[in-house]
Amino acid sequence: IDLSEGVSCSYFGEELPDRVMRFNSIQEAETAIDKILNTVSLPRNFVVNMAGVDNAAAVIQGSTRYILYNQYFMREMKEQTGSTWAPISVLAHEIGHHLAGHTLTDLGSRPDLELQADRYSGDVLQKLGASLDEARIAMATIGTTNATSTHPAKKDRLAAITDGWTNSCRSDSDCDDDTFGIPADEEIIV
C-alpha cells in the first residue's frame with residue numbers, strides 16, 4: 001500500500017513508512033474485529049490486514065479504510081500481558097479512529113484524538129465482558145510514561161480507557177460492580 005498520500009493514526013504516534021506490504025489477516029484478528037463492531041451494530045467498512053507497521057494503525061489510502069497491525073507486536077503484547085484482551089483493546093482503539101472520523105482529515109495523530117480512541121476502546125471492552133483491569137492491561141503494560149506531540153502520557157490514556165469502561169458499565173444493568181473496579185488512589189475523569 002502506498003501510504004505517502006494517505007491519512008493515518010498509529011498506536012504510539014510513530015511515523016508510518018511511505019509503503020507497507022500487507023497480508024491477509026489471521027482469523028483471530030478477524031473474529032475480534034467482528035465482535036468489536038457487533039457492540040455498535042455497524043457493518044465493517046474497512047479492510048483488516050497484517051502489515052509492515054510497528055504496532056497498529058488506522059489508515060485511509062484513496063477511498064479504502066484499513067486497520068493494519070503487526071502480528072508479532074500483537075503476539076508479544078499478548079505474551080507480555082498474559083491477556084487475550086490486550087490485542088483486542090489495540091484493535092478497538094484503531095477502529096475508534098475510523099468510527100470517530102479521525103482518519104478523514106489530514107491532521108494525523110493528536111493527543112485529543114488518541115484519548116477519544118482510548119475511551120472507545122474502554123467502552124467496547126466493557127461491552128465485550130472485559131474487567132476494567134483487562135481493558136487497561138495493554139496500555140498499563142506497554143504505554144509510554146511521557147506525552148509526545150501526537151500521543152498523551154500513559155496515565156492520561158489509562159484515565160480515558162477507564163472513563164470509557166466506566167461510562168459503559170454505568171449504562172449496563174449486568175455490570176454490578178459498585179466501585180467499577182477503579183483503584184482507590186486513582187482519579188476518575190468523567
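User: What makes the contact between the side chains of Asp 34 and Arg 44 a salt bridge?

Analyst: A salt bridge is a side-chain nitrogen of Lys or Arg within 4 Å of a carboxyl oxygen of Asp or Glu, and the side chains of Asp 34 and Arg 44 meet at 2.7 Å, N to O, so the pair satisfies that rule. This is a predicted model, in which local features need pLDDT of at least 70 and side-chain atom pairs count only at pLDDT 80 or more, while totals for chains, interfaces and linings use all residues. Residues are numbered from 1 along each chain as its sequence is written, and side-chain values use heavy atoms, with hydrogens and water left out.

User: Why is Asp 34 called partly exposed?

Analyst: Buried means under 20% relative accessible area and exposed over 50%, with partly exposed in between (1.4 Å probe, protein chains only); Asp 34 has a relative accessible area of 36%, so the middle term applies. Arg 44, at 30%, likewise counts as partly exposed.

User: Which residues are linked with Asp 34 in a network of salt bridges?

Analyst: Glu 30 and Arg 44 are linked with Asp 34 in that network.

User: Why is the contact of Lys 155 with Asp 156 called a salt bridge, and how exposed is Lys 155?

Analyst: The closest N and O atoms of Lys 155 and Asp 156 are 3.1 Å apart, which is within the cut-off, and therefore the pair is counted. Lys 155, at 61% relative accessibility, counts as exposed, whereas Asp 156, at 29%, is partly exposed.

User: How many salt bridges does this rule give?

Analyst: The count comes to 8 salt bridges.
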